[in-house]
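Open the model in your viewer and keep the sequence panel beside it. The stops below go from a single residue out to its helix, then on to another helix and a pocket.

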Amino acid sequence: MASGFIWSENLTQIIVTALLSMVPTFEGRYAVVTALAMGMPAVFSFLLALIFSTIPMPFIFMLLKPVLKWLYSLPIEPLRKFAAWVENRSVKKSASVKKKGLLGLFLFVAVPLPGTGVWTGSAIATILNMNKTDSMLAIVVGNVVACLAMTILGSMGITLFS
């Protein structure tokens, strides 16, 4: 009998991959490589990382501005500084997106480099008041490209961690 991927025996790896996929800066593109290193099948790793790395996007679109506004209203200086840092970081990273619009947003998310991805792309689109539907589509397609690129590289044994 051939040994295959058995869900019940790999539940820990599945949970780790799902959670890592939702962590800012790590996201699906690095979680997929971790999943492959843990012995998970490539297609399953790709889909798991893609789905779970996309989950934070609508929450960022809905909650980022109200949370920043709330943090600015608090009399706690470190929280105000954190809100300013988030906003300034998003604006700073938005240069290419401002110039190229949705194509820039797609490319920003698609290139699997630290500091790019779904979290930052969603924050940029929100801060720049970009059309939500179009932005979400650009971010999802960019995430597909980033996760796919990392799945291919990881399947070939190429890692960015060594």
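**Stop 1: serine 45**

Select serine 45, which lies in helix α3. The model is a predicted one, so treat each stop as a description of that prediction. Is serine 45 buried or exposed? Its relative accessible area is 0%, and the cut-off for buried is under 20%, so serine 45 counts as buried. Now show what surrounds the residue. Setting aside neighbours within four places in sequence, serine 45 is in contact with Val32, Ala35, Leu36 and Met40.

**Stop 2: helix α3**

Extend the selection to residues 42–54, which make up helix α3. What span should its 13 residues have? At 1.5 Å a residue the expected value is 18 Å, and the end C-alpha atoms are 18 Å apart, so the two agree. To check this in the viewer, put a distance label between the C-alpha atoms at the two ends of α3.

Next, colour the buried residues of α3: Phe44, Ser45, Phe46, Leu48, Ala49, Leu50, Ser53 and Thr54. Which helices do they pack against? Show α1 (11–21), α2 (27–37), α4 (56–73), α7 (118–127) and α8 (132–155), as these are the partners of the buried residues of α3.

**Stop 3: helix α1**

Move to α1 and select its buried residues, Gln13, Ile14, Thr17, Ala18 and Ser21. They cover an arc of only 130° around the axis, which means that they sit on the same side of α1. Look along the axis of the helix to see this. The buried residues of α1 pack against α2 and α3.

Within α1, pick glutamine 13. Apart from neighbours within four places in sequence, glutamine 13 is in contact with Met38 and Met40. Met40 is also among the contacts of serine 45 from the first stop. For a view across the model, add threonine 126: from glutamine 13 the C-alpha to C-alpha distance is 33 Å, with their positions 113 residues apart in sequence.

**Stop 4: the largest pocket**

Rolling a probe the size of a water molecule over the atoms shows where empty space is left. The largest pocket has a volume of about 460 Å³. To find its centre, select Ile60, Leu64, Val86, Trp119 and Ala123, which lie nearest to it among the 18 lining residues.

Which helices each supply at least two residues of the lining? They are α4, α5 (77–93) and α7. The most comes from α4, with eight residues. Finally, colour the lining by class: 14 residues are nonpolar, three are polar and one is charged.

Terms used: Residues are numbered from 1 along each chain as its sequence is written. This is a predicted model: local features need pLDDT of at least 70, side-chain atom pairs count only at pLDDT 80 or more; totals for chains, interfaces and linings use all residues. Side-chain values use heavy atoms; hydrogens and water are left out. Helices (H or I, at least four residues) and strands (E, at least two) are DSSP runs, numbered from the N terminus. The expected span of a helix is 1.5 Å times one less than its number of residues. Buried means under 20% relative accessible area, exposed over 50%, partly exposed in between (1.4 Å probe, protein chains only). Contact means heavy atoms within 4.5 Å. On a 1 Å grid over the protein atoms alone, a cavity is a set of points where a 1.4 Å probe fits but cannot get out, and a pocket is an open set with protein on both sides within 12 Å along at least five of seven lines; lining residues have an atom within 4 Å of a point. Grid points are joined across faces, edges and corners, and a volume is the space filled by probe spheres set on the points. Ala, Val, Leu, Ile, Met, Phe, Trp, Tyr, Cys and Pro count as nonpolar, Asp, Glu, Lys and Arg as charged, and the others, Gly among them, as polar. The arc is that of the directions from the helix axis to the C-beta atoms.
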